[in-house]
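Biologist: I would like to request a close look at a single part of this chain. Please set that part in the context of the rest.

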Amino acid sequence: EHFRDPDVFKSIDPHYYQCSRRSTSTEIETVFERAIKRKIILEDVGINCCSVVMMDEAGLPEESHESLKALHYFLDVPIVSFVGITNHVLDAAKTNRAISLYRPETTHDDLMKHSAC
């Protein structure tokens, strides 16, 4: 019922991060810390909003760098929301701390049906 109100999405404060193979845990922590600080500032002045860290290509950072380990704390202590988009399955340590949505590959028929709209 809350999401039927069109104004609810006006109160989302997104913080974007584009992952790469060279992403570091420090960069990821910085994005979360910035989102948390902004949320606190907005709440202090009476603005109720939902700060969201949006991470694109979350599966790209090399596992040897362990950059995504920085997510563990922020997913365990969720002060801000998190959306991670990836074409790769993340390890169990991350997927156990989140909800995963899997989409099947788009078929030719699906593409034809949607292009006709």
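In which strand is Gly84 found? Please begin there and then go on to the other elements.

Modeller: The model is a predicted one. Gly84 is found in strand β3, which covers residues 81–85. With a relative accessible area of 40%, Gly84 falls between the limits of 20% for buried and 50% for exposed, so this glycine is classed as partly exposed. The C-alpha atom of Gly84 is separated by 7.5 Å from that of Glu57, although the two residues are 27 apart along the chain.

To place β3 in the whole, one may read the chain along its sequence, where the pattern is β-α-β-α-β-α-α. The chain thus has four helices and three strands. Separations in sequence like the one just described can be set beside the contacts of the chain: among those between residues at least 6 apart in sequence, 70% join residues at least 24 apart.

The interior comes next. Of the 117 residues in the chain, 25% count as buried. The largest nonpolar core has 16 residues, and those that touch the most other members are Tyr17, Ile28, Phe32, Val53, Met55, Leu71 and Val80. Helix α1 (25–44), strand β2 (50–56) and helix α2 are the elements that give two or more residues to this core. The most comes from α1, which gives five residues. Ile28 offers a view of the packing around one core member: apart from its neighbours within four places in sequence, Ile28 is in contact with Tyr17, Met55, Ser67, Leu68, Ala70 and Leu71.

The charged pairs follow. The count of salt bridges comes to two. In one of them, Arg38 is paired with Asp13, and the closest N and O atoms are 3.2 Å apart. Because Arg38 lies in helix α1 and Asp13 in strand β1 (residues 12–18), this pair ties together parts that are 25 residues apart in sequence. The two partners differ in their surroundings: Arg38 is partly exposed at 39% relative accessibility, whereas Asp13 is buried at 11%.

The other salt bridge joins Lys39 to Glu43, with the closest N and O atoms 3.4 Å apart. Both residues belong to helix α1, and since they are four residues apart there, about one helical turn separates them. Lys39 has a relative accessible area of 16% and is therefore buried, the limit being under 20%. Glu43, in contrast, is partly exposed, with a value of 41%.

Finally, the surface. The chain exposes about 8800 Å², and carbon and sulfur atoms supply 54% of that area. A nonpolar patch of about 260 Å² on the surface is made by Tyr73, Val77 and Ile79. Within this patch, Tyr73 has its place in helix α2 (residues 70–76). At 48% relative accessibility, Tyr73 counts as partly exposed, because the value does not pass the limit of 50% for exposed residues. Helix α2 accordingly appears in two parts of this account, as a contributor to the largest nonpolar core and as the place of Tyr73.

Note on methods
Residues are numbered from 1 along each chain as its sequence is written. This is a predicted model: local features need pLDDT of at least 70, side-chain atom pairs count only at pLDDT 80 or more; totals for chains, interfaces and linings use all residues. Side-chain values use heavy atoms; hydrogens and water are left out. Patches are made of residues with over 30% relative accessible area and no salt bridge: like charges are joined within 9 Å, nonpolar side chains (Val, Leu, Ile, Met, Phe, Trp, Tyr) within 5 Å. Accessible areas come from the Shrake-Rupley method with a 1.4 Å probe; for residues, only the protein chains shown count as cover. A salt bridge is a side-chain nitrogen of Lys or Arg within 4 Å of a carboxyl oxygen of Asp or Glu. Buried means under 20% relative accessible area, exposed over 50%, partly exposed in between (1.4 Å probe, protein chains only). A nonpolar core is a set of buried Ala, Val, Leu, Ile, Met, Phe, Trp, Tyr and Cys residues joined through side-chain atoms within 4.5 Å. Contact means heavy atoms within 4.5 Å.
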